Amino acid sequence: MSENKQLSWSWSHLLSASILTQRFAQLSLKASKVYIVLKVRCNLKTGIAFPSLRRISVDAGISVSSVQRALKELENAGYLESFKDRRSKKYVLYEILETEKGKAVRKQYIPSDFKILVQEAREEFEAQRLKAVETVKPIVSAPYFENILSDCDLEKLPADVVEALQRIKESIDRKKP
């Protein structure tokens, strides 16, 4: 680092739930570097980044033409949207989070509202999970489950297993007509 360059002590987020996904892994290394540079360079209140292509190039250590290709790749993948404002190009950044079943939740990255972003994403994941659970058909019928329980010596089972079995039985009982 040159002596006249000031150290920056600002922060940015790299959300592991977004970065450690198959979708992010499919990005090129250059696109990943550009995404990180844009996150570091974005406005903390708006989440909008507006560095020049040259600035991104220097920060990422790649050529300007590589930056342009990486920006297109990120836009096609859904990690950013760009728009022109007067003289400069601006970039709106997004976090893309995936469920274990490959469904995605896309949220705009605004560092000052990051806790809200994480909470909203968790709520969406939970809603997706609950929706998936509601569509699951029971595999075991109530009489069959009751026969299994009557054949079991519950006193020999660990307490947590007994509690789980009782919750299942209660759930089945609630669903009986």
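This text walks through the salt bridges and a strand pair of a predicted model.

Start with the count. The structure holds 5 salt bridges. Three of them are followed below, together with one network.

The helical case comes first. Asp 59 pairs with Arg 55, and their closest N and O atoms are 2.9 Å apart. Both residues sit in helix α4, which spans residues 53–60. They are 4 residues apart there, which means that about one helical turn separates them. How buried or exposed is Asp 59? It counts as partly exposed, at 29% relative accessibility. Arg 55 is also partly exposed, with a value of 30%. The pair does not stand alone. Arg 41 joins Arg 55 and Asp 59 in a network of salt bridges.

Now move to the strands. Strand β4 covers residues 104–108. Its covered face carries Val 105 and Lys 107. Its uncovered face carries Ala 104, Arg 106 and Gln 108. The general pattern is simple: side chains in a regular strand alternate between the two faces of the sheet.

Which way do β3 and β4 run relative to each other, parallel or antiparallel? They run antiparallel. Strand β3 takes in residues 88–98, and 5 bridges join it to β4. Within this pairing, Tyr 94 stands opposite Gln 108 of β4. Gln 108 belongs to the uncovered face of that strand.

Arg 106, another residue of the uncovered face, makes a salt bridge. Its side chain meets that of Glu 81, at 3.2 Å from N to O. Glu 81 lies in strand β2, residues 80–85, and Arg 106 in strand β4, so the contact ties together parts that are 25 residues apart in sequence. Glu 81 is partly exposed, at 35% relative accessibility. Arg 106 is partly exposed too, with a relative accessible area of 39%.

One more salt bridge remains to be described. Lys 90 pairs with Asp 85, and the closest N and O atoms are 3.0 Å apart. Are these two partners buried or exposed? Lys 90 has a relative accessible area of 18%. Buried means under 20%, so Lys 90 falls in that class. Asp 85, at 30%, is partly exposed. This salt bridge therefore links a buried lysine to a partly exposed aspartate.

How values were computed: Residues numbered from 1 in each chain as written. Predicted model: local features only at pLDDT ≥ 70, side-chain atom pairs only at ≥ 80, totals over all residues. Heavy atoms only, no water. Buried < 20%, exposed > 50% of the residue type's maximum accessible area, 1.4 Å probe, protein only. Helix = DSSP H or I, 4+ residues; strand = E, 2+ residues; numbered from the N terminus. Pairing = 2+ DSSP bridges. Salt bridge = Lys/Arg side-chain N within 4 Å of Asp/Glu carboxyl O.
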